[in-house]
Amino acid sequence: MHAENDRNDPQGPGGHVPVMLDRVLELLAPALDRPEPVVVDANLGLGGHAEALLAAHPSLHLVGIDRDPTAIERSTVRLAPYAGRTTLVRAVSDELADVLAGIGRRRIDGALFDLGVSSPQLDEAERGFAYSYDAPLDMRMDREEELTAESVVNTYPVADLIRILRDYGEERFAPRVAHLIAKERAREAITSTKRLAEIVRTAIPAATRRTGGNPAKRTFQALRIEVNAELTALERALPAALDALTLGGRVVVLAYHSLEDRLTKQILTARTRDTSPPGLPVPLPAHQPRFALLTKGAELPSEEEVARNPRAASARCRAAERIREAVDES
Ligand SMILES: C[S@@+](CC[C@H](N)C(=O)[O-])C[C@H]1O[C@@H](n2cnc3c(N)ncnc32)[C@H](O)[C@@H]1O
């Protein structure tokens, strides 16, 4: 599909619909309502949110980051009308501070994290993200990285597989799945999504299999998180974005599974808490929170949005604003 034909299609290239778009724009707007604001889109994808932000704020400069070179190529085409106001960089989001330094900036007014995989990554069968297609077990967002799902599945010790399936997939039958993987790979290397999905299906007790969707979902999620070190990247990138925010600057995070959302909540809560020791007569500046939460708990997409775009169903939105400079910067 050609971006040129899609420019006026709110779904964007390939039918991709930016998740919770109106809410993201609303949350970021006050921070970008100033002369020549700068926003970082740390998960550029197809540039859907980016395009809407650029259209809504005529003097906005957008720094778009994605680790997938295909995402950079496609969004470069889509955002061509805004080429003078964009810097699109292929990088991992935790390199955010270096990316900013590379363009001579230290502070930003807004940041958006739309985590996880993009629709094209899921829909292009050969990338191996989806259990619904038979494809090589790949799952790399950046195909120049070495680690693939195939190497995780065929070389990791059983104990590591159990840990990954339990921690990243929240798979309660992690030991059963890991042991069956070990048994099967001893017979013949596991190289396809179809065979892995069948192994998982066999490992899960029949009574459980009848409920809760495809049993392979949790294993595939766990492998994807391991292959792309997704939580490690977020653990570094979100604090880096918060550090870079100007006063009144805002960050918005869209998470798609409970681990991402929990980590986001932990990072934001730690920054929005007053750490003054109890009983002090005057609050100590060093202990006062630098940030305030803008969302009460995690916000969910509307039923109407989920009906239109089922991939939005698992989205959880959290946001925060810088309300004080760090002590040594003021
Ligand atoms: C859900 S999509 C973003 C969609 C985008 N907001 C839009 O409207 O088109 C997530 C994107 O983030 C990228 N990504 C995931 N983790 C990343 C990371 N740690 N660093 C950089 N890019 C990452 C993926 O390659 C994918 O293109």
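**Exercise 1. Decide how much of helix 12 is covered, and by what.**

Start with the count. In this predicted model, 10 of the 12 residues of helix 12 are buried, so the helix is mostly covered. Next, name them. The buried residues are Ala 216, Thr 219, Phe 220, Gln 221, Ala 222, Leu 223, Arg 224, Ile 225, Glu 226 and Val 227. Now look at the partners. These residues pack against helix 7, helix 8, helix 9, helix 10 (193–203), helix 13 and helix 14. Then check the length. Helix 12 reaches 16 Å from its first C-alpha to its last, close to the 16 Å expected at 1.5 Å a residue. Finish at the end of the helix. Just after helix 12, Ala 229 takes a positive phi of about 45 degrees.

**Exercise 2. Test whether the span of helix 8 agrees or disagrees with its number of residues.**

Helix 8 covers residues 158–169, which makes 12 residues. At 1.5 Å a residue, they should span 16 Å. The end C-alpha atoms are 15 Å apart, which agrees.

Now turn to burial. Leu 161, Ile 162, Ile 164, Leu 165, Tyr 168 and Gly 169 are the buried residues of helix 8. Their cover includes helix 7 (149–155), helix 9 (174–187), helix 12 (216–227), helix 13 and helix 14 (258–272).

**Exercise 3. Find which residue follows helix 8, and describe its phi and its exposure.**

The residue is Glu 170. It sits in the loop between helix 8 and helix 9. Its phi is near 50 degrees, a positive value in a residue other than glycine. Most residues other than glycine have a negative phi. For exposure, use the relative accessible area. Glu 170 has 38%, which lies between the 20% and 50% limits, so it is partly exposed.

Compare Met 20. This residue is in the loop between helix 1 (3–6) and helix 2 (21–32). Its phi is also positive, near 45 degrees. Met 20 has 4% relative accessibility, which is under 20%, so it counts as buried.

**Exercise 4. Locate the largest nonpolar core with respect to the two domains.**

Begin with the domains. Domain 1 is 13–120 + 230–322, and domain 2 is 126–228. Their C-alpha centres lie 30 Å apart. Across the boundary, 14 residues of domain 1 are in contact with 13 residues of domain 2.

Then take the core. It has 62 residues, and Phe 113, Leu 196, Leu 238 and Val 251 touch the most other members. Helix 13 (residues 230–244) gives the largest share, 7 residues. Both domains give residues to this core, so it lies between them.

Zoom in on one member. Leaving aside residues up to four places away in sequence, Leu 238 touches Phe 113, Val 251, Val 253, Thr 264, Ile 267 and Leu 268. Apart from this core lies another, of 24 residues, among them Leu 27, Leu 53, Leu 54 and Ala 319.

**Exercise 5. State how many cavities of 30 Å³ or more the structure holds, and work out which elements line the largest one.**

There is 1 such cavity. The largest cavity has a volume of about 60 Å³. Its lining is Gly 45, Leu 46, Asp 68, Thr 70, Ala 71, Arg 74, Ser 118, Pro 120, Gln 121, Glu 124 and Arg 127. Two elements give two or more residues: helix 4 (69–78) and helix 6 (119–123). Helix 4 gives the largest share, 3 residues.

**Exercise 6. Classify Val 63 and Asn 43 as buried, partly exposed or exposed, and list what they touch.**

Take Val 63 first. It lies in strand 2 (residues 61–66). Its relative accessibility is 0%, so Val 63 counts as buried. Beyond residues up to four places away in sequence, Val 63 touches Val 38, Val 39, Val 40, Asp 41, Thr 87, Val 99, Leu 100 and Ile 103.

Now Asn 43. Its place is the loop between strand 1 (38–41) and helix 3 (48–56). A relative accessible area of 18% is under the 20% limit, so Asn 43 is buried. With the same sequence neighbours left out, Asn 43 touches Ile 65, Asp 66, Leu 112, Phe 113, Asp 114 and Leu 115.

Technical notes. Residues numbered from 1 in each chain as written. Predicted model: local features only at pLDDT ≥ 70, side-chain atom pairs only at ≥ 80, totals over all residues. Heavy atoms only, no water. Core = buried A, V, L, I, M, F, W, Y, C linked by side-chain atoms within 4.5 Å. Buried < 20%, exposed > 50% of the residue type's maximum accessible area, 1.4 Å probe, protein only. Helix = DSSP H or I, 4+ residues; strand = E, 2+ residues; numbered from the N terminus. Domains from an automatic or database assignment. Contact = heavy atoms within 4.5 Å. Expected span 1.5 Å × (residues − 1). 1 Å grid on protein atoms, 1.4 Å probe; cavity = no way out; pocket = protein on both sides within 12 Å on 5 of 7 lines; lining within 4 Å. Points joined across faces, edges and corners; volume = space filled by probe spheres on them.
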